[in-house]
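Let's take a walk through this fold together, starting with how some of its helices pack and then moving on to the sheet. Keep the structure open as you read.

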Amino acid sequence: MIIDWMTIDTVLLDMDGTLLDRHFDDHFWLEHVPKRYAAKNSIPLDSAKKSLYAQFRSQECTLNWTDLDYWSDRLGLDIPLLKLEVEHLIAVHPGVVEFLLFLRQHNKQIWLVTNAHGKTLDIKMRKTRLGPYFTGIVSAHDIGLPKEDAAFWGKLQKRVPYDPARTMLGEDSETNLGTAESFGIRHLIYVSRYSSTAPPLPSERFTSIHYFNELLPMPA
């Protein structure tokens with residue numbers, strides 16, 4: 001894939017499913033939390049899953065969706081502690097470090113922009129050691145809106161001075177790419193291989209990649 005990097009100053013990158021393998025998150029919320037919830041409440045695992053999945057769906061596209069304190073209070077579980085029980089599943093997608101090094105070498109502004117809660121960020125940055133590659137890290141909880149809200153991108157500019165016409169966004173969410181597009185962010189990249197355990201499904205609307213090293217220039 002040929003990209004004119006001279007036209008890009010800022011690169012905004014999502015975390016879960018984009019830079020990191022979403023297998024961890026899917027396993028955690030769909031399997032590990034229900035298992036612990038069932039044990040705590042002495043109910044069958046199937047019943048726990050049915051109840052929890054409905055609760056999770058009810059908070060999609062809101063900040064509660066990724067708020068660990070919210071789910072700890074609502075479920076009566078220590079969610080950050082439970083994440084540590086399976087943190088060995090946290091993994092960086094192939095090609096990510098190579099891509100981040102390329103961006104740094106070419107003096108791009110690199111911002112991690114995620115819906116993830118601050119406590120999740122702490123766990124994942126400690127585990128992956130990706131933090132130093134970024135110019136900065138912004139959680140949607142700092143902005144007060146999820147990325148699914150089109151107003152998010154304008155509020156982000158108060159923290160990250162970026163020109164939408166000279167900005168790239170990498171995401172595994174077509175919804176978030178759509179809200180960014182409506183704000184005028186020009187270079188939109190969809191990561192179709194969001195999980196190592198799920199088949200990639202390219203977007204019909206946005207340029208799709210499996211891994212970020214596909215965006216690097218070919219050696220001369």
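Helices α2 and α3 pass each other in a right-handed crossing. In this predicted model, α2 covers residues 45–58 and α3 covers residues 68–75, and their axes come within 13 Å and cross at roughly 140°. Angles over 145 degrees would count as roughly antiparallel, so α2 is classed as oblique to α3. If you zoom in on where they touch, you will find Leu52, Gln55, Phe56 and Ser58 on the α2 side, meeting Trp71, Arg74 and Leu75 from α3. Sorted by class, that contact holds 4 nonpolar, 2 polar and 1 charged residues.

Now turn to the other helix that packs against α2. Helix α1, residues 23–41, packs with α2 at an angle of about 120°, and the two axes are 9 Å apart. This pair, too, is therefore oblique, and α1 passes α2 in a right-handed crossing. From α1, the contact draws on Trp29, Leu30, Glu31, Val33, Pro34, Lys35, Tyr37 and Ala38, while α2 brings Leu45, Ala48, Lys49, Ser51, Leu52, Tyr53, Gln55 and Phe56. By class, the residues here divide into 11 nonpolar, 2 polar and 3 charged. It is worth highlighting Leu52, Gln55 and Phe56 in your viewer: they take part in the contact with α1 and also in the one with α3.

Next comes the sheet. How are its strands ordered? Reading across, the order is β3-β2-β1-β4-β5-β6, with 6 strands forming an open sheet and parallel pairing. The edges belong to β3 (136–139) and β6 (207–209); each has a single partner strand, so one side of each is left without a neighbour in the sheet. From one strand to the next, the twist averages 25°.

Look inside that order and you can follow one pairing in detail. Strand β1, residues 10–13, runs parallel to β4, residues 167–171, and 4 bridges join them. One place to look is Thr10, whose bridge partner in β4 is Thr167. A helix covers part of this region as well: α9, residues 174–183, lies across β4 and β5 (187–191) and runs at about 175° to β5.

Finally, step back to the whole chain, which has 9 helices and 6 strands. Its radius of gyration is 18 Å, close to the 17 Å that the globule rule gives for 220 residues, so the chain is as compact as a globular protein of that length. Along the principal axes, the C-alpha trace spans about 60 × 35 × 35 Å.

Technical notes: Residues are numbered from 1 along each chain as its sequence is written. This is a predicted model: local features need pLDDT of at least 70, side-chain atom pairs count only at pLDDT 80 or more; totals for chains, interfaces and linings use all residues. Side-chain values use heavy atoms; hydrogens and water are left out. Axes are lines fitted to C-alpha atoms, for helices over the stretch in contact, and angles run from 0 to 180 degrees between N-to-C directions. Helices (H or I, at least four residues) and strands (E, at least two) are DSSP runs, numbered from the N terminus. Angles under 35 degrees count as roughly parallel, over 145 as roughly antiparallel, 65 to 115 as roughly perpendicular and the rest as oblique. A crossing is left-handed if the near helix is turned anticlockwise from the far one by less than a right angle, and right-handed if clockwise. Contact means heavy atoms within 4.5 Å. Ala, Val, Leu, Ile, Met, Phe, Trp, Tyr, Cys and Pro count as nonpolar, Asp, Glu, Lys and Arg as charged, and the others, Gly among them, as polar. Two strands pair if DSSP finds at least two bridges between them. The radius of gyration is taken over C-alpha atoms; the globule rule is 2.2 Å times the number of residues to the power 0.38.
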